[in-house]
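Here's a quick briefing for anyone about to set up calculations on this one. Have a look at the structure first, then we'll walk through some local details.

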Amino acid sequence: MKTKNIMIVGVGGQGSLLASKLLGRLLLTRGYDIKVSEVHGMSQRGGSVVTYVRFGDKVYSPVIDKGEADYIVSFELLEAARWTEYLKPGGKIITNIQQINPMPVIIGAAQYPEALVEKMSAAGIDVDAFDALSLAEQAGSAKAVNIVLMGHLSKNFDFTREEWMQAIEQSVPAKFLELNKKAFTLGAEA
Amino acid sequence: MKQLMLGNEAVARGLYEAGCAFVSSYPGTPSTEITEAIAKYPEVYAEWAPNEKVAMESAFGASLAGRRSFCGMKHVGLNVAADPLFTIAYTGVNAGMVIGVADDAGMHSSQNEQDSRHYARSAKIPMLEPSDSAEALAMAKAAYELSEQFDTPVLLKMCTRVSHSQSVVETGVRTEALKEYVKDIPKYVMMPGNAKRRHPVVEARTRALVEFAETTELNRLEEGSDHTMGFITSSTSYQYIKEVYGDTYPVLKLGMIWPMPEKKLRDFAASVDTVVVVEELDSFIQAHCEHLGIACKGKDTFSCIDELSQNRVADAMGVTHDAGIALSEAIPPRPPVMCAGCPHRGLFYTLKKNKLTVLGDIGCYTLGAVAPLGAVDTVICMGASVSGIHGFSKSQQGKADNKTVAVIGDSTFMHSGITGLVNMAYNESNATVIIVDNSITGMTGHQQNPTTGFNLKGDPCAKIDLETLCRAVGIKRVRVVDPYNLAQCDEAIQEELAAQEPSVIISRRPCALLKYVKHKAPLAVDESKCVGCKACMKIGCPAISIVGGKAKVDATQCVGCGVCEQLCKLGALKEV
């Protein structure tokens, strides 16, 4: 199988590492070669963060480059817009519509762009935007946005619900299992 | 069993399987997780040392005692440990000793982009360089074999993309390795007479290692169908070449980056029309090829700045690839910021308000340089704030005395701030050092240090008392402030700057992200009182923004630290 590329983007602290951990566990059960690249250290502190997930018969590079991503899963709208160039022709952006102001916007040095979903669509980008934060809160915690997004992403793959659930069980603490299963389901149904 | 493992965790697994029994490291991105992962194996003694020099010397002691040992650090940490490195290279080891060093091409979390491979050549010791997690595990084990076979410490060189990428590994079982300590003065006492006899041993060892490099499987030839071109490479650059070209051209992949083979390189060069060396950062493999008289392309094609990627390799080689769609809209950057509730914020606000010159240091508080605070004047390396302020204030002949402070974190102070403070006491500086004590090593992801009272394994242990330590080196004026209390910070800073002797202010409040820190209720804005004056915006808190001309607090981020509340003269910011 040709290598598939998923980018998970967001704001440092939003929980993208758990999402990539979950995907890694899921893909390993199918016997794929996998590479998952993460960001640690300084850039995690509320900055723009990106995780690369690649899988296929043989994966070489640990990173996804411009024009290569099959899917970009974004925790935040501005971050989806930031990384569009990484999407490959025919690729798809799945994004939470939540907006978090970056420091240049907070201090008035820049504006948060308006109507980003429409602008991305107008540029010819396939965007699937939805309110993952509300669904996460409905599931019981705003922190479950990552699992809601994974639920929504799952609609694009042929993994069974059981496979996803097994991966969630391996990735989240037992006491948050039910909450996360619910978050996944809400995301998958959205 | 097949598992997905971070490169750093794979190194730890390799150390474990090789029977490593002693690990001492100082945290530093991207190397930190090696030591965090090895600490989970009960068979291995593992610790955080106060700095890399101590870590390396401790690891040497363990090797001398007959236990396979490891010390891990980031590239700039190896500068700190360079002193023992160059002499352990002469003594050699008893049990195997491996030194992990992780470079940060692209400077994701570093102050420079130095290429640690030069250390292997300068110190005359072998260096292995894996390109993914499976190799990281295998090479950690191979490094011990090499170390004991050739009586040398071995450098295991990682980089951000290998350290922080997960890939599939197959794990094995642990083999215990134990040697007896035997006293050997000519080998281990490096006074001139003995060192003179050891230097030729080092040179002979390198020659033997070159022979080893000719045949070892660490250096791998991958055949290609087209011999008009051939690549010599290592580490992630190998992955990028394979990503772009697949199996089209032959590739000589060097797993042992120093010393390099000679015949193998020449034979490879003779088998292809054009040799292309692909490596990140400096010309290292290329320089060696040229030294051997092998004509090759390299840094004329690829930059020595920043990390490579498949597209960068393709672009440099003129290979086309897909392009994505960039929006015409300007997307505002999202730089890292101090977290909501960060105890450093109140302190840096006070420094800015007093218009002070601030000599900064390495840690989360480097972010005090970012707008809107912009309160830091310089950041060089671990400890440079304290040593730097001494030179700065002495050279300003009194002009800087009431206007200049050094700011250094608790862990960084223990790492290499103490000696600078000793110098200030000894040579009678008139300057103020502020230790921002957030009770943890923050930037690298919450590691314990000598001031926290806990060790790497999380067990309670001896706790260094910063106040006592500062007084013991001769600083008479030592006081503690709460950085959430702006008036207290202001008063302390003004009084200590006015004093005619060196002083230390400890700005103490645990990192807001620590699990045990209890947060207060988020604040909210009373819109009837807020006039949109933006006084609360001066601290650059990510939880506060102006919406419709009034301040707004993001309740999901706010931890109720109350610093903004102290800036609002109208009392519009309050607990709900």
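Is Ala102(B) buried or exposed? Ala102(B) has a relative accessible area of 1%, so it counts as buried. Keep in mind that this is a predicted model. The rest of the briefing goes topic by topic.

**Three residues and their surroundings**

- Ala102(B) sits in strand β5 of chain B, which covers residues 97–103.
- Not counting neighbours within four places in sequence, Ala102(B) touches Pro30(B), Ser31(B), Met73(B), Lys74(B), His75(B), Met158(B) and Ser163(B).
- From Ala102(B) to Leu128(B) the C-alpha to C-alpha distance is 12 Å, with their positions 26 residues apart in sequence.
- Ser385(B) belongs to helix α16 of chain B, and it's buried because its relative accessibility is 1%.
- With neighbours within four places in sequence set aside, Ser385(B) is in contact with Leu359(B), Gly360(B), Asp361(B), Ala406(B), Val407(B) and Ile408(B).
- Over in chain A, Gln111(A) is in the loop between α3 (103–106) and α4 (116–122), and at 67% relative accessible area it's exposed.
- Setting aside neighbours within four places in sequence, Gln111(A) has contacts with Val105(A) and with Pro332(B).
- Gln111(A) and Tyr32(A) are 79 residues apart in sequence, and their C-alpha atoms are 43 Å apart in space.

**Helix α14 of chain B**

- Helix α14 of chain B runs over residues 310–317, and its buried residues are Gln310(B), Asn311(B), Val313(B), Ala314(B) and Met317(B).
- Looking down the axis of α14(B), those buried residues fall within an arc of 160 degrees, so they line one face of the helix.
- As background, an α-helix has 3.6 residues a turn, so residues three or four places apart point the same way.
- The cover over the buried residues of α14(B) includes β3 (48–56) of chain A, along with β10 (229–233), α11 (235–245) and β13 (274–278) of chain B.
- Gly318(B), just after α14(B), has a positive phi of about 75 degrees.

**Helix pair α3 and α5 of chain B**

- Helices α3 (residues 52–64) and α5 (residues 82–91) of chain B pack at an angle of about 20 degrees, and their axes are 9 Å apart.
- An angle under 35 degrees counts as roughly parallel, and therefore α3(B) and α5(B) are roughly parallel to each other.
- The crossing of α3(B) past α5(B) is left-handed.
- On the α3(B) side the contact is made by Lys53(B), Met56(B), Glu57(B) and Phe60(B), and on the α5(B) side by Asp83(B), Pro84(B), Leu85(B), Ile88(B) and Thr91(B).
- Sorted by class, this contact of α3(B) with α5(B) has five nonpolar, one polar and three charged residues.

**Helix pair α16 and α17 of chain B**

- What about α16 (residues 384–395) and α17 (residues 410–426) of chain B: at roughly what angle do their axes cross? They cross at roughly 20 degrees and come within 7 Å.
- That makes α16(B) roughly parallel to α17(B).
- This crossing of α16(B) and α17(B) is left-handed.
- α16(B) brings Val386(B), Ser387(B), Ile389(B) and His390(B) to the contact, while α17(B) brings Gly417(B), Gly420(B), Leu421(B), Asn423(B) and Met424(B).
- By class, the contact of α16(B) with α17(B) has four nonpolar, five polar and no charged residues.

**Backbone details to check in chain B**

- The Thr29(B) to Pro30(B) peptide bond is cis, with omega near 10 degrees.
- Pro30(B) is in the loop between β2 (22–25) and α2 (32–38) of chain B, and Pro30(B) is one of the contacts of Ala102(B).
- The peptide bond from Trp258(B) to Pro259(B) is cis too, with omega near -10 degrees.
- Pro259(B) is in the loop between β12 (256–258) and α12 (263–271) of chain B.
- Asp151(B) isn't a glycine, yet its phi is positive, near 55 degrees.
- You'll find Asp151(B) in the loop between α7 (133–150) and β7 (154–159) of chain B, and it's partly exposed because its relative accessibility is 21%.
- Lys534(B), not a glycine either, has a positive phi of about 70 degrees.
- The loop between β19 (523–525) and β20 (544–547) of chain B holds Lys534(B), which counts as partly exposed at 47% relative accessibility.

Terms used:
Residues are numbered from 1 along each chain as its sequence is written. Chains are lettered from A and ligands numbered from 1 in the order in which they are written. This is a predicted model: local features need pLDDT of at least 70, side-chain atom pairs count only at pLDDT 80 or more; totals for chains, interfaces and linings use all residues. Side-chain values use heavy atoms; hydrogens and water are left out. Buried means under 20% relative accessible area, exposed over 50%, partly exposed in between (1.4 Å probe, protein chains only). Helices (H or I, at least four residues) and strands (E, at least two) are DSSP runs, numbered from the N terminus. The arc is that of the directions from the helix axis to the C-beta atoms. Contact means heavy atoms within 4.5 Å. Axes are lines fitted to C-alpha atoms, for helices over the stretch in contact, and angles run from 0 to 180 degrees between N-to-C directions. Angles under 35 degrees count as roughly parallel, over 145 as roughly antiparallel, 65 to 115 as roughly perpendicular and the rest as oblique. A crossing is left-handed if the near helix is turned anticlockwise from the far one by less than a right angle, and right-handed if clockwise. Ala, Val, Leu, Ile, Met, Phe, Trp, Tyr, Cys and Pro count as nonpolar, Asp, Glu, Lys and Arg as charged, and the others, Gly among them, as polar.
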